[in-house]
Amino acid sequence: MDNQKKKETFKSGFVSIIGRPNVGKSTLLNQVVGQKVAIMSNKPQTTRNQIRAVYTSDKGQFIFIDTPGIHKAKSKLGDYMVAAAENTLNEVDLVLFVIDATEKRGAGEEYILERLKKVNTPVFLVINKIDQIHPEELLPLIDEYRKHHDFKQIVPISALQGNNTDALLQSILLEMPEGPMYYPADQVTDHPERFIVAELIREKVLHLTREEIPHSIAVTVEEMKRGENGKTLYIYAAIYVERDSQKGILIGKRGDMLKEISKRARMDMERLLGEKIFLEVWVKVKKDWRNQERMLRNFGFYEEK
């Protein structure tokens, strides 16, 4: 009888996370599922694809979609990223609009608020980074946003510290419809290992380089195979850049930069996959790839028509 009751009251659904670049969407996603499924960086536009993360409890299962930050596009890649974010809004059960408590409302937030007027999906306003402001600053911020949209809930959190994220999950549960368990209880993402591996390499490039490099790279995993002893996973990957000068920066003096990128990525891969990794990474030049639809398709940004 208890099992039947549990089955009847189990809830599930899809939750889209939107917001300007660099407001902490990926940090929130990783905090919720308890491990890294989305790469993090202090550079904007870190997320390029829709990252799906799965949170499961005994009461429900939520599939979170971490979308690329909504911003003014400057390339075909940028167009793709904005479209990917906006297309989720009417296809999910709930939208989390994440804002940075330390930033004033600007053109980016205005654009999203206008877009939300056309959405029928319930929207939570999630005010992130509350650990970085004085508590007295929170109420005026809430009042300001209430004037611009009828939010179903307003939830202040610190994604990095984990403050109030449990309350956010409880609020989400109340909004979810009854539904099935879409994924096994121990699964935290629906992305294949190749995607996660490529993202970890890209994250290390974002951490270790600056200026023009971060937005000019794409990473592909050329091959993944298990060694003859069955104990080592061999991964061969390529970092694509747009100019020869960028290739030189990524390789570094005596190859030091590429070695450091590979070392840090390999360590993360071993922690995430739980096995010994042999990683080999090289750098290739594909001029102006961000504006070539064929290249964007090859890198997995567009589905084949």
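Two residues are in contact when heavy atoms of theirs lie within 4.5 Å. Keep that in mind as you work through these exercises on a predicted model.

**Exercise 1. The chain as a whole**

Describe the protein chain by its secondary structure, its burial and the reach of its contacts.

*Solution.* Start with the elements: the protein chain has 10 helices and nine strands. Next comes burial, where a residue counts as buried under 20% relative accessible area. Buried residues make up 51% of the 305 residues. Finally, look at the contacts with a separation of 6 or more: residues 24 or more positions apart account for 72% of them.

**Exercise 2. Strand S3 and its two faces**

Work out why strand S3 (residues 60-66) can be called largely enclosed by the rest of the structure.

*Solution.* Step one is a general idea: the side chains of a regular strand alternate between the two faces of the sheet. Step two applies this to S3. On one side are Gly 60, Phe 62, Phe 64 and Asp 66, and on the other are Gln 61, Ile 63 and Ile 65. All of these residues are buried, and both faces are covered. Step three is the conclusion: seven of the seven residues of S3 are buried, so the strand is largely enclosed by the rest of the structure.

**Exercise 3. The neighbours of strand S1**

Find the strands that pair with S1 (residues 11-18), and follow Ile 17 across to its partners.

*Solution.* Take S3 to begin with: S1 and S3 run parallel and are joined by seven bridges. Now turn to S4 (residues 94-100), which also pairs with S1 in the parallel sense, over four bridges. Ile 17 stands opposite Asp 66 in S3, and opposite Leu 96 in S4. Another residue to locate is Phe 14, whose bridge partner in S3 is Ile 63. As for burial, six of the eight residues of S1 are buried, so S1 is largely enclosed by the rest of the structure.

**Exercise 4. A cavity and its lining**

Describe the second largest cavity by its volume and its lining.

*Solution.* There are two cavities of 30 Å³ or more. The second largest has a volume of about 30 Å³. Its lining consists of Ile 99, Asp 100, Glu 103, Lys 104, Arg 105, Glu 109, Leu 141 and Tyr 145. Two elements, S4 and helix H5 (138-146), each give two or more residues to this lining. Sorted by class, the lining has three nonpolar, no polar and five charged residues.

**Exercise 5. Where two helices meet**

Describe how helix H8 (residues 244-251) and helix H9 (residues 256-273) cross and touch.

*Solution.* Begin with the axes, which come within 5 Å and cross at roughly 65°. Then list the residues: H8 brings Ile 249, Leu 250 and Ile 251, which meet Asp 256, Met 257, Leu 258 and Ile 261 in H9. By class, this contact has six nonpolar, no polar and one charged residues.

**Exercise 6. One residue up close**

Is Ala 238 buried or exposed, and which residues does Ala 238 touch?

*Solution.* Place the residue: Ala 238 is in strand S8 (residues 232-241). Its relative accessible area is 0%, so Ala 238 is buried. Leaving aside residues up to four places away in sequence, Ala 238 touches Ala 218, Val 219, Thr 220, Glu 222, Trp 282 and Lys 284. For Glu 222, compare sequence with space: Ala 238 and Glu 222 are 16 residues apart in sequence and 6.9 Å apart in space, C-alpha to C-alpha.

Methods
Residues numbered from 1 in each chain as written. Predicted model: local features only at pLDDT ≥ 70, side-chain atom pairs only at ≥ 80, totals over all residues. Heavy atoms only, no water. Buried < 20%, exposed > 50% of the residue type's maximum accessible area, 1.4 Å probe, protein only. Pairing = 2+ DSSP bridges. 1 Å grid on protein atoms, 1.4 Å probe; cavity = no way out; pocket = protein on both sides within 12 Å on 5 of 7 lines; lining within 4 Å. Points joined across faces, edges and corners; volume = space filled by probe spheres on them. Nonpolar A, V, L, I, M, F, W, Y, C, P; charged D, E, K, R; others polar. Axes fitted to C-alpha atoms, helices over the stretch in contact; angles between N-to-C directions.
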